[in-house]
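Subject: Structure for you to look at

Hello,

I am passing on the structure we talked about. Please open it alongside the notes below.

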Amino acid sequence: NVKRRSKSNSLLIVTEKGRYTCDLLIDASGSLAHVSRCLHGKDKNFRPEDQVPTAYAQVRGNVPETFDVFLGSVAPKGYAWIIPKGPDTANVGLGVRAGALKGSVKEHLQKFCDDLGFEILSIGGGWIPMGGPVKTMVDQNVIAVGDAAGLVMPSNGGGISQAMISGCFAAETYLEYKRNGTPLETYQERINSCFGRALKNSLRSKNMGYLMFQNDLITEVLLRILGPIGGIKRAMECDKPLWVL
Ligand SMILES: Cc1cc2nc3c(=O)[nH]c(=O)nc-3n(C[C@H](O)[C@H](O)[C@H](O)COP(=O)(O)OP(=O)(O)OC[C@H]3O[C@@H](n4cnc5c(N)ncnc54)[C@H](O)[C@@H]3O)c2cc1C
């Protein structure tokens, strides 16, 4: 658990291994943002939204040579992927909007692999926050980084580089605060100037995808239109998917 001490404003962290106090806490607890949950419950200002369940597996079989992405009923409002890792092994995964599939995501991944004739060697899962950045990344002396700050690009689910860069920004911001008294809130300004535009474009693309990709036929038609004009590529790369939108 995490509690803020009212007198000193320091934070008390109670873990299975002991109790700790600190003046600054960097919340790098990932998509479920445990520190924010302890301090603010479900408050949307502090916790990342639109948590997408994912499952992935290491597989063996006749895998493609290319990184393949599948849209449509196999992964409603999300996508499935095959990333080749060797001549006969690959990482296969599935991420869908919460509630869009009946049954567990792992069962659907199992079926997807069975249909493709892949043998599953190991399987795992996780959550990806697809709702864009949280409103408040600096909560007095708590700084949220990476997934805990909602820094995943919603149109492609990537968040590793933002997690690393935001962690670095958080550390630098704290040093600046200690040396010169620069407010910790400058962290969020740096995040916005570094990722703000891409996150905004990416969130817009994801929301358009949620609206437009309603069934396999519409998905097929849209891919045939948007594919050749580069709309899908731009959405995946967090540019504006269409010049006008
Ligand atoms: C299936 C899947 C595939 C992905 N593929 C890609 C990809 O190809 N490219 C990409 O850029 N991004 C990808 N992502 C997203 C990427 O993994 C995350 O954006 C990134 O890992 C976020 O880093 P983080 O440090 O913020 O959080 P995490 O990597 O989630 O790290 C959080 C850490 O905090 C620990 N933790 C949480 N709560 C507690 C607690 N109470 N006590 C102690 N420890 C705790 C967790 O165990 C974990 O180690 C993928 C995500 C998933 C789920």
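The notes that follow cover the nonpolar cores, one buried threonine, the cysteines and a surface patch. Please keep in mind that this is a predicted model.

Nonpolar cores

The largest nonpolar core has 20 residues, and those touching the most other members are Met137, Ile143, Ala149, Leu151, Tyr187 and Ile191. Three elements each supply two or more residues to this core: strand 11 (142–144), helix 3 (160–180) and helix 4 (186–212). The biggest contribution is from helix 4, with four residues. If you want a place to start, take alanine 149: leaving out residues up to four places away in sequence, Ala149 touches Pro133, Val134, Met137 and Ala144. A second core, separate from this one, is made up of 17 residues, among them Val92, Val96, Leu109 and Phe112. As background, nonpolar side chains in soluble globular proteins tend to be buried together.

Threonine 173

Helix 3 also holds threonine 173. Is this residue buried or exposed? Threonine 173 counts as buried because its relative accessibility is 3%, under the 20% cut-off. Not counting neighbours within four places in sequence, threonine 173 is in contact with Pro183, Leu184, Thr186 and Tyr187. Tyr187 is also one of the residues that touch the most other members of the largest core.

Cysteines

Searching the whole structure for disulfides gives zero. Cysteine 38 is in none, and the nearest cysteine sulfur, 13 Å away, belongs to cysteine 22. Why is cysteine 168 without a bond to cysteine 194? The sulfur of cysteine 194 is the closest cysteine sulfur to that of cysteine 168, but the distance is 10 Å, so the two are too far apart for a bond; the cut-off for a disulfide is 2.5 Å. As for accessibility, cysteine 38 has a relative value of 28% and therefore counts as partly exposed. Cysteine 168, at 39%, also counts as partly exposed.

Surface patch

On the surface, a nonpolar patch is formed by Phe67, Val69, Leu71, Ile83 and Leu223, whose accessible area together is about 380 Å². Where does phenylalanine 67 sit? Phenylalanine 67 lies in the loop between strand 5 (51–60) and strand 6 (68–70). With a relative accessibility of 53%, phenylalanine 67 counts as exposed, because the cut-off for that class is over 50%.

Regards

Technical notes
Residues numbered from 1 in each chain as written. Predicted model: local features only at pLDDT ≥ 70, side-chain atom pairs only at ≥ 80, totals over all residues. Heavy atoms only, no water. Core = buried A, V, L, I, M, F, W, Y, C linked by side-chain atoms within 4.5 Å. Buried < 20%, exposed > 50% of the residue type's maximum accessible area, 1.4 Å probe, protein only. Contact = heavy atoms within 4.5 Å. Patch = residues over 30% accessible without salt bridge, like charges linked within 9 Å, V, L, I, M, F, W, Y side chains within 5 Å. Areas by Shrake-Rupley, 256 points an atom, 1.4 Å probe, with all protein chains shown as cover. Salt bridge = Lys/Arg side-chain N within 4 Å of Asp/Glu carboxyl O.
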